[in-house]
Amino acid sequence: FNGGFNNNGALVSNRHVVTYVETVATWNKVLNRYLPDSLQTFKVVLGSTKVHDDNRPGSITAAPLEIILHPYVRRIDDTPVNSIAIVTLKDSIEFNKFIKPICIWTFSSSLEMIENSPMFGVGYGKDETGSFSGVRKHAKVSLQDEENCREVFSDAIDIFDETKLLCVQGD
């Protein structure tokens, strides 16, 4: 984004990336809503394992065609709610050993059936020391029940009441 690293996303098809809303949109205080950023200000790098490593063999740089924000994205006390966006890519991506879509379950079974099942979160971010890591990492987590989340995140009850969140805890 504007020549620098901004955030993570997840490839979900050969033309769609799901990402955090603030990766591709900016909060407008006057209009009290998010506005998509200009498509010309960012690119999507797939298959990279390090920040600013878009020349890695097997990686692809893709141009965005469209940004679709969650229809109910908003803020509660400066906290984004329903904070996801979909980036549609101009061209279809050919999958290779470095680039594959993530696995998403269909919700055909109840969430209770998958509570405490192992899952993985993948991306860039701060490590346990608080330092930014420029290398993509993964964390093993499990889905927690809503009652436990309400207890742990009692200061965020308004957000839990406004939207459906999946709450995970590291193993």
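**Exercise 1. How many bridges join β7 to strand β10, and in which direction do the two strands run?**

Solution. The model is predicted. Begin with the two strands themselves: β10 covers residues 84-89, and β7 covers residues 64-69. Five bridges join them, and the strands run antiparallel. One position illustrates the pairing: P64 has L89 in β10 as its bridge partner. As background, strands of a sheet pair through backbone hydrogen bonds, either parallel or antiparallel.

**Exercise 2. Place β7 and β10 in their sheet, and identify the edge strands.**

Solution. Step one is the strand order: four strands form an open sheet, arranged β1-β2-β10-β7, with antiparallel pairing. Step two is the search for strands that pair on one side only; these are β1 (9-11) and β7 (64-69), the edge strands. Step three is the geometry: from one strand to the next, the twist averages 25 degrees. For the wider setting, the secondary structure of the protein chain comes to three helices and 13 strands.

**Exercise 3. Describe the largest nonpolar core and the elements that contribute to it.**

Solution. First, establish its extent: the core contains 19 residues. Next, list the residues with the most contacts inside it, namely V24, Y34, V44, L46, L69, V87 and L89. Then turn to the elements: α1 (21-24), β3 (25-28), β5 (44-46), β7 and β10 each give two or more residues. The most comes from β10, which gives three residues. In general, nonpolar side chains tend to be buried together in soluble globular proteins.

V24 serves as a detailed case. Leaving aside residues up to four places away in sequence, V24 touches T19, P36, D37, F42, I67, L69, A85 and V87.

**Exercise 4. Characterise the aromatic pair of the structure.**

Solution. The structure holds one such pair, formed by W27 and Y34. A pair of aromatic rings is described by the distance of the centres and the angle of the planes. Here the centres lie 4.9 Å apart and the planes make an angle of 70 degrees. Planes over 60 degrees apart count as edge-to-face, so the pair of W27 and Y34 is edge-to-face. Both W27 and Y34 are buried.

**Exercise 5. What share of the protein chain counts as buried, and what share of its accessible surface belongs to carbon and sulfur atoms?**

Solution. Of 171 residues, 29% count as buried. The accessible surface comes to about 11,300 Å², and 52% of that surface belongs to carbon and sulfur atoms. To complete the account, consider contacts with a separation of 6 or more: residues 24 or more positions apart account for 57% of them.

Terms used. Residues are numbered from 1 along each chain as its sequence is written. This is a predicted model: local features need pLDDT of at least 70, side-chain atom pairs count only at pLDDT 80 or more; totals for chains, interfaces and linings use all residues. Side-chain values use heavy atoms; hydrogens and water are left out. Two strands pair if DSSP finds at least two bridges between them. Axes are lines fitted to C-alpha atoms, for helices over the stretch in contact, and angles run from 0 to 180 degrees between N-to-C directions. Buried means under 20% relative accessible area, exposed over 50%, partly exposed in between (1.4 Å probe, protein chains only). Contact means heavy atoms within 4.5 Å. Accessible areas come from the Shrake-Rupley method with a 1.4 Å probe; for residues, only the protein chains shown count as cover. A nonpolar core is a set of buried Ala, Val, Leu, Ile, Met, Phe, Trp, Tyr and Cys residues joined through side-chain atoms within 4.5 Å. Rings of Phe, Tyr and Trp (its six-membered ring) pair if their centres lie within 6.5 Å; planes under 30 degrees apart count as stacked, over 60 as edge-to-face and the rest as tilted.
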